[in-house]
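Work through two exercises on a protein–DNA model. Try each task before reading its solution.

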Number of protein chains: 2
Amino acid sequence: MDLNHRKLRILRAIVDEYILSGAPVGSKVLSQNPSFRLSSATIRNEMADLEDLGYLEQPHTSAGRVPSDKAYRLYVNNMMQRSNLSADEMETMSAYCRNRVKGLDAVMRETANVLSSITHYTALVTMPENAANRLRHLQLVPLADGYALVVVVTDAGVARDAVIHVPTDMGPDELDKISRTISQRYYNCRMSELTGRLLREMGSELLDKGAFLQELADTMEAGQGANAQRIALSGANNLLDYPAYGDIDRARQLLAEIEKKDTLYRLLKNAGVVEFSFRIGSELGTDIFKDCSLVTATYRIGTTPVGTMGVIGPTRMPYGKVVTVLDYMSKSLGGILTNVLEEE
Amino acid sequence: MDLNHRKLRILRAIVDEYILSGAPVGSKVLSQNPSFRLSSATIRNEMADLEDLGYLEQPHTSAGRVPSDKAYRLYVNNMMQRSNLSADEMETMSAYCRNRVKGLDAVMRETANVLSSITHYTALVTMPENAANRLRHLQLVPLADGYALVVVVTDAGVARDAVIHVPTDMGPDELDKISRTISQRYYNCRMSELTGRLLREMGSELLDKGAFLQELADTMEAGQGANAQRIALSGANNLLDYPAYGDIDRARQLLAEIEKKDTLYRLLKNAGVVEFSFRIGSELGTDIFKDCSLVTATYRIGTTPVGTMGVIGPTRMPYGKVVTVLDYMSKSLGGILTNVLEEE
DNA sequence: CTTTAGCACTCAGCATCTTTGAGTGCTAAT
DNA sequence: ATTAGCACTCAAAGATGCTGAGTGCTAAAG
């Protein structure tokens, strides 16, 4: 007993139907589908086999069957086809592309909004980041006595800011001078190397300012990671749609988890750098997301991958449509960023 | 028939009890409270009066009474007393204060986290802003050909960034020169005046760069508002606790509304600059928030009010406790910012 | 050997009915 | 003015029964 052609066809029909209706699907509806020339009894037998093989599950004895995670996995790998979008949906996306330039934050937020409004699920977009990020500019702006704001601009277009302590005998002029020195000397230096080089090479010039230099370096190192943690989120309310009705506690857990940016970050990160990644139900690891799936896509500046966007929905989401949307949006976002950030 | 002393005492007891239990309170529980030397029948009569006066409502004939918005208003104005916090809660807040300096974003987020974790409601904190914001530094960082990143630092410690177009014949050096000129000439200039002055006074120096100057000015003007729209939000999942159980649609609406930052911004803004503001149920205007209350506090840098923080919860929230927490947190946040930002 | 008709069986979901108990308003006595 | 007492109301929680979609199995037909 293995997955012959007919079993595959039936399985596929079940997944399609279930994604569409959300209700367990029985043998009768399938037999009514004219593309099957089979009686419900025959289909029942096949379904029993599929259940034994672990592709189907039965909520209770007298209900239809529901696809298991394993079935979705098979579906996504072998049977899914991208679906076309409605004119409305296309229009939403191209309106997004026609937008004028803005701050990076705004672009990310808008990307997430479009994603969630088309899919009706929860959308996530990470800020662009890359271990190879290069320095464009660094500025120390004096605040109150003993404090300064560090602003770092990288070639990923990110302005990161943090407050650090400065020696009280360091005036605005000196801070400005240091800013220019660093900006010039380390222009285009990889951020991953910058920390070390700063400490090594500037130590002699700032002999008596060791603590200051150390804090500055630390900040830039921390900024690397911290910045990536900024994730644009949109459509969290859609989470409430699908947790089995009335199960409000479940919904709370989900929401609480979604609010923790580091959970999200880990999830998105785990996808790795692939065109598309699907993680279905149990594959997500956590029990909390046990009937959710996460589909992600990588976006690029030029040809280097710099970020991830994704959609969290129920395992029974229309994967074909979601992939189509993610594909379009990741390319659009990549295009926008490439335009603005890439040097020729 | 008016609000004599006894009626007030009864009303107060009802509100206290209802906030505590969440269930409609009947005459019997009140009469058992030893501080009343009255039979349940007498209390029933008084309660009937209070209902006629609009302070109480009855979910259905055979249930106890529930305070109306009007009752809460009276309670908040005249009867509420601040409550003490548990040792744990105090500890959470002072741990927050002991934190090392960080970026503004992080501080705001953490403030919201603490607020929501102590109150178990949804917390909001606006970024510091003020029409009197003054310029500290402006930097134009060249990106790809034809684009630059504008970074603006104000005395509210905010680094705002946006991408603008620049004429292609403007090199990095020129951009840097402009940055220094503006930073120096307009140091400490009010942001509200900056736009106008830039256009008027720099026009002659950048004769052939009119479009560029205009866009720069526009960006800074827009940044004023846009920045304020950034609101740290925490504990949205707590919204799911109180919408009448099972009423999942209601919860969705609430969440969707909360996600719209501009709604939030308006709500917080409407509070005006007062020490504390309470808006109870219908007073919030929207039907969506009809059984919610919003309590806000203003925080200051030095003595100038620069932002608002608040808590959204059910109308039956323990106002006394919430005020205590807001008071402490607004002062703490104010203190932190003042320390870092204020010039002596 | 494969397919199918037929039948007995299961069980969630829904509607209906009943019971329970907390709470009320009114009246008459204190 | 207060209160005891009583009849009344009604939501919430159980109990009961019905329905229908769906199953598994068996035996006959292809």
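The exercises below use a predicted model and cover a DNA strand and a chain contact.

**Exercise 1.** Describe the protein surface near DNA strand D: which residues come nearest, and which helices contribute?

*Solution.*
1. Start with the residues. There are 21 around DNA strand D, and A:Ser27, A:Arg65, B:Thr42, B:Thr61 and B:Ser62 come nearest.
2. Look at the DNA side. Of the strand D atoms within 4 Å of the protein, 78% belong to sugar and phosphate.
3. Find the helices. α3 (40-52) of chain A and α3 (40-52) of chain B each supply at least two residues. The largest share, four residues, is from α3(B).
4. Sort by type. The surface has twelve polar, five charged and four nonpolar residues.
5. Check single contacts. A polar side-chain atom of B:Arg44 sits 3.4 Å from a base oxygen. A backbone N or O atom of A:Ser62 is 3.4 Å from a sugar or linking oxygen. A polar backbone atom of A:Ala63 also lies 3.4 Å from a sugar or linking oxygen of strand D.

**Exercise 2.** Characterise the contact between chain B and chain A: how much area is buried, and how many salt bridges are there?

*Solution.*
1. Count residues. Chain A gives 47 and chain B gives 46.
2. Take the area. About 4,100 Å² is buried, with 60% from carbon and sulfur atoms. On the chain B side, B:Asn237, B:Ile248 and B:Arg252 lose the most area, together 15% of what that side buries.
3. Count the polar links. There are four salt bridges. One of them joins A:Arg252 to B:Asp241, with the closest N and O atoms 2.6 Å apart. Residue pairs in polar contact number 16.
4. Find the main element. On chain B, α10(B) gives the most, six residues.
5. Sort by type. The chain B side holds 22 nonpolar, 14 charged and ten polar residues.

Note on methods:
Residues numbered from 1 in each chain as written. Chains lettered and ligands numbered in written order. Predicted model: local features only at pLDDT ≥ 70, side-chain atom pairs only at ≥ 80, totals over all residues. Heavy atoms only, no water. Near = heavy atom within 4 Å. Polar contact = N/O pair within 3.5 Å; in protein donor to acceptor, adjacent residues only side chain to side chain. Nonpolar A, V, L, I, M, F, W, Y, C, P; charged D, E, K, R; others polar. Contact = heavy atoms within 4.5 Å. Buried area = accessible area lost by both parts, 1.4 Å probe. Salt bridge = Lys/Arg side-chain N within 4 Å of Asp/Glu carboxyl O.
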